[in-house]
Amino acid sequence: DPVEFIPKDSYLTGWFEANNKYFPKEGERVVVNIADINYNVELDKLEGLVEKLMNETEIVTAVDSWFVEFRAYITKNDLVNNSTWLTDLGQDQIKFYELLTQFLFSQSGAKYRTSFDFVTDLMCGQAAPRVQLSSIQLTHKLFHSPKEWIPAMNRIKELVKEANFSSRAFPTGTEYASWETDEVIGRELYQNVGLSLVCVFLTTLVLLASFQGCGLVLLSVLITLVDVGGFMHFWGLTIDVISCTNLVIAIGLVVDY
């Protein structure tokens, strides 16, 4: 948490504490973007994705999808046959876009206009233009560590990929960039430490010309890494860019001193 680097007695720290107390943060909000697909043919895929997202109650608290409201609107108002509406709309492309316009200009669907990007402007009373992009909003639970948010992010990506849309579909979120960084750092930490140990071994071997001396240096490095890693664990620190950099710097300091 970057706030931990701010002095505890500063005004800014007090502001963050008050903000967290009186305006607690919700979980990360994510938008699933779906590019230009054939909605007549792939409405069943969209329905399956929405249902799977809503079933992920362990990592998702809410799903706000235009599709759910659209389905409720056209069935409630008897605009389609409740049992065969997916098939009917799949066979009649014009009808789907006419119903979409009617829905987006209705009381329940007006808020979802921002979830679409059309080729041309949407006009009331006319069939909707071809959809270039549509989106589904969801809210994650409030996570506290990379052990929670990395699997949650990967699960959402997996569900979107399993939908197998004919065009590109991907989830985006404000925190997803930092979550992806945490995932990469966790994997590359071992690679960086391993490369550092190899460099230490080769350097000390050339300078000391003694395998015994190299062994002592490597032993000192390993003991230091265990010591630093242990303190990180008991202090409640996680593997991130800063802690990874500190571990690599610790190796260099051990070799120097």
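**From one serine to the whole chain**

At a relative accessibility of 3%, Ser65 counts as buried, because any residue under 20% is placed in that class. The model in which this residue is seen is a predicted one, and Ser65 offers a convenient point of entry into it.

Ser65 is located in the loop that runs between strand S2 (60-64) and helix H3 (66-76). Which residues does Ser65 touch, once its neighbours within four places in sequence are left aside? They are Val50, Tyr112 and Ile136. A further residue to note is Ser135: it is 70 residues away from Ser65 along the chain, yet the C-alpha atoms of the two are separated by 7.7 Å. Ser65 also has a polar contact at the start of H3, where a side-chain oxygen of Ser65 comes to within 3.1 Å of the backbone nitrogen of Phe67.

From Ser65 the path leads into helix H3. Its buried residues are Trp66, Phe67, Phe70, Tyr73, Ile74 and Thr75. A general property of helices is useful when reading such a list: an α-helix has 3.6 residues a turn, so residues three or four places apart point the same way. The elements against which the buried residues of H3 pack are helix H2 (39-55), S2, helix H4 (85-91), helix H5 (93-104), strand S3 (116-118) and S4. Just after H3, Asp78 adopts a positive phi of about 55°.

Several residues of H3 also take part in a cluster of aromatic rings. Ring pairs join Trp66, Phe67, Phe70 and Tyr73 of the helix with other residues, including Tyr39, Trp85, Phe103 and Phe118, into this cluster. Tyr112, already met as a contact of Ser65, is another member of the cluster. In the structure as a whole there are 17 aromatic pairs. One of them is formed by Phe96 and Tyr97, whose arrangement is edge-to-face, with 5.0 Å from centre to centre and 75° between the planes. Phe96 and Tyr97 are both buried.

A contrasting geometry is found in Trp149 and Trp179. Their ring centres lie 5.8 Å apart and their planes meet at 5°, so this pair is stacked; the reasoning rests on the rule that planes under 30 degrees apart count as stacked. Trp149 belongs to helix H6 (residues 146-163) and Trp179 to helix H7 (residues 176-208), so the pair ties together parts that are 30 residues apart in sequence. Are these two residues buried or exposed? Trp149 counts as buried at 16% relative accessibility, and Trp179 is buried with a relative accessible area of 6%.

Trp179 leads in turn to Glu28, for the two residues touch. Glu28 is placed in the loop between helix H1 (11-22) and strand S1 (29-34). Although glutamate carries an acidic side chain by name, the point to record here is its position: with a relative accessible area of 8%, Glu28 is buried. The side chain of Glu28 reaches the backbone nitrogen of Glu175 at 2.8 Å. Beyond four places in sequence, Glu28 touches further residues, among them Leu138, Thr139, His140, Gly173 and Tyr176.

The strand that follows this loop, S1, has two partners. With strand S4 (residues 131-140), S1 pairs in the antiparallel sense over six bridges, and Val32 has Ile136 as its bridge partner in S4. With strand S5 (residues 169-173), S1 pairs in the antiparallel sense over five bridges, and here Val31 has Thr172 as its bridge partner. In a regular strand the side chains alternate between the two faces of the sheet. Ile136 thus connects two parts of this account, being the bridge partner of Val32 and a contact of Ser65.

Two arginine residues are positioned over aromatic rings. The charged end of Arg113 sits over the ring of Phe105, 4.3 Å from its centre. The charged end of Arg168 sits over the ring of Phe170, at 4.5 Å from the centre of that ring.

It remains to view the chain as a whole. It has nine helices and five strands, arranged along the sequence in the pattern α-β-α-β-α-α-α-β-β-α-β-α-α-α. The radius of gyration is 27 Å, well over the 18 Å that the globule rule gives for 257 residues, so the chain is more spread out than a compact globule. Along its principal axes, the C-alpha trace spans about 85 × 45 × 30 Å. Of the 257 residues, 35% count as buried. Among contacts between residues at least 6 apart in sequence, 66% join residues at least 24 apart.

Conventions
Residues are numbered from 1 along each chain as its sequence is written. This is a predicted model: local features need pLDDT of at least 70, side-chain atom pairs count only at pLDDT 80 or more; totals for chains, interfaces and linings use all residues. Side-chain values use heavy atoms; hydrogens and water are left out. Helices (H or I, at least four residues) and strands (E, at least two) are DSSP runs, numbered from the N terminus. Buried means under 20% relative accessible area, exposed over 50%, partly exposed in between (1.4 Å probe, protein chains only). A polar contact is a pair of N or O atoms within 3.5 Å; within protein, one must be able to donate a hydrogen and the other to accept it, and residues adjacent in sequence count only if both atoms are side-chain atoms. Contact means heavy atoms within 4.5 Å. Two strands pair if DSSP finds at least two bridges between them. Rings of Phe, Tyr and Trp (its six-membered ring) pair if their centres lie within 6.5 Å; planes under 30 degrees apart count as stacked, over 60 as edge-to-face and the rest as tilted. A charge sits over a ring if NZ of Lys or CZ of Arg is within 6 Å of the ring centre and within 35 degrees of the ring normal. The radius of gyration is taken over C-alpha atoms; the globule rule is 2.2 Å times the number of residues to the power 0.38.
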